[in-house]
Structures are given as structure tokens and as C-alpha cells.
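Have your viewer open and your selection tool ready? Let's take a short walk together, one selection at a time.

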Amino acid sequence: MAMKLKLDEEQSKSNLSESTGNIRVYRYPSCSIPDTAWGIDVHTDSSVLSILYECEVGGLEVLRDDEWFQVKPICNTLIVNLGDMMQAISNDNYKSVKHRVKLNKHKERISICYFVFPDEDSVIRSSKYKPFTYNDFRAQVQEDIKTHGFKLGLESFKLTEAL
């Protein structure tokens with residue numbers, strides 16, 4: 001992807017930093033009335049990319065063309081989601097995927113996700129967004145949540161088109 005985006009070596013290193021990756025384990029308990037609650041509501045990942053492992057119990061849904069699709073779990077495979085940072089780095093050529101997790105009526109769901117983030121102080125430059133660092137983005141997300149109750153994400157950094 002870095003070659004396709006024509007990122008130089010320095011940009012690739014700072015935008016895909018091994019030192020800023022982290023792993024999260026998510027546990028979603030079973031729910032006797034699964035349509036009344038979400039494991040995780042609709043969101044995009046803030047990362048460059050996310051690599052997800054899940055087995056047996058489904059629940060992951062992705063939005064495409066205003067329609068929700070269930071992702072069928074296939075054991076011993078990985079799911080790769082592109083995040084907000086990849087969308088900005090790619091000038092919107094790659095989109096951050098909106099997704100959510102539905103609870104299962106009979107089984108708890110466990111998933112393990114590795115998130116790749118840019119270096120906190122590396123500047124994301126794009127023709128679609130004003131320059132920002134990942135630290136700027138995280139701070140804006142926290143402000144969005146306090147002010148609006150949800151993450152606005154990249155919209156806060158979008159350049160307005162000249163009239």
C-alpha cells in the first residue's frame with residue numbers, strides 16, 4: 001500500500017510504526033435479547049489499519065453502500081480493516097470502514113485485534129485534510145466525545161473546498 005500511495009521511506013516508517021501498534025482483546029458476553037444492545041456501536045477505527053482475529057462466533061457487521069453486511073467468521077483467517085489514518089494518508093483513495101459488533105444470543109464472542117498507528121508526532125499530510133499529528137487527532141476525538149457524545153473523526157480536519 002505504501003508503494004501504491006507513493007510514500008517515501010520516511011513517511012512509511014512514521015505512518016506504519018511498529019512501536020505504536022497495540023493489541024486489544026475484546027469480550028462480548030452473550031445476550032438473551034441481542035437486538036436490544038450492541039457489543040460496539042457504529043464506528044471507524046482511528047488506526048492506519050486493524051488486523052482482527054475472530055473464530056466461531058460472528059457479530060461483526062460492515063457498512064457498504066448504505067447497507068450492513070455480516071462478516072462470516074472463518075477460523076484461522078484474519079480480517080484487515082483500514083482506519084481513519086489510512087483514509088487521510090491516501091487522500092480518501094482508501095476509506096475507513098464503518099463497522100459495529102452485534103451480540104450473540106447463545107455464545108460470548110472473543111476477538112483479538114492488532115492496531116497499527118502512526119508515530120504520535122508524525123505529521124499526516126493530505127490534499128483533503130489540514131496537516132495534523134496522531135496526537136492532534138486523538139485530542140480532537142476526545143473533544144468530540146465530550147462535546148457531541150461521539151467521534152467526528154476526520155471531519156474535524158477536512159479542508160473546505162474553495163467556492
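The tour starts in the core and then moves out to two loop residues.

Before you begin, keep in mind that this is a predicted model.

**Stop 1: the core.** Select Met85, Phe132, Phe137 and Leu154. Within the largest nonpolar core, which has 27 residues, these four touch the most other members. Now colour β3 (49-54), β6 (79-82), α2 (84-89), β8 (109-116) and α3 (134-148): each of these elements gives two or more residues to the core. Keep α2 highlighted, since its four residues are the largest share of this core.

**Stop 2: around Leu154.** Which residues does Leu154 touch, leaving aside those up to four places away in sequence? Show its surroundings and you will find Asp84, Met85, Gln87 and Ala88, together with Tyr129, Phe132 and Phe137. Met85, Phe132 and Phe137 may look familiar, as they were selected with Leu154 at the first stop.

**Stop 3: two backbone angles.** Most residues other than glycine have a negative phi. With that in mind, go to the loop between β5 (67-70) and β6, where Asn76 sits. The phi of Asn76 is positive, near 65 degrees. Is Asn76 buried or exposed? With a relative accessible area of 71%, Asn76 is exposed.

Next, select Asn91, in the loop that runs between α2 and β7 (99-102). Asn91 also has a positive phi, near 55 degrees. Asn91 counts as partly exposed, because its relative accessibility is 26%, and partly exposed covers values between the 20% and 50% cut-offs.

Key:
Residues are numbered from 1 along each chain as its sequence is written. This is a predicted model: local features need pLDDT of at least 70, side-chain atom pairs count only at pLDDT 80 or more; totals for chains, interfaces and linings use all residues. Side-chain values use heavy atoms; hydrogens and water are left out. A nonpolar core is a set of buried Ala, Val, Leu, Ile, Met, Phe, Trp, Tyr and Cys residues joined through side-chain atoms within 4.5 Å. Buried means under 20% relative accessible area, exposed over 50%, partly exposed in between (1.4 Å probe, protein chains only). Contact means heavy atoms within 4.5 Å.
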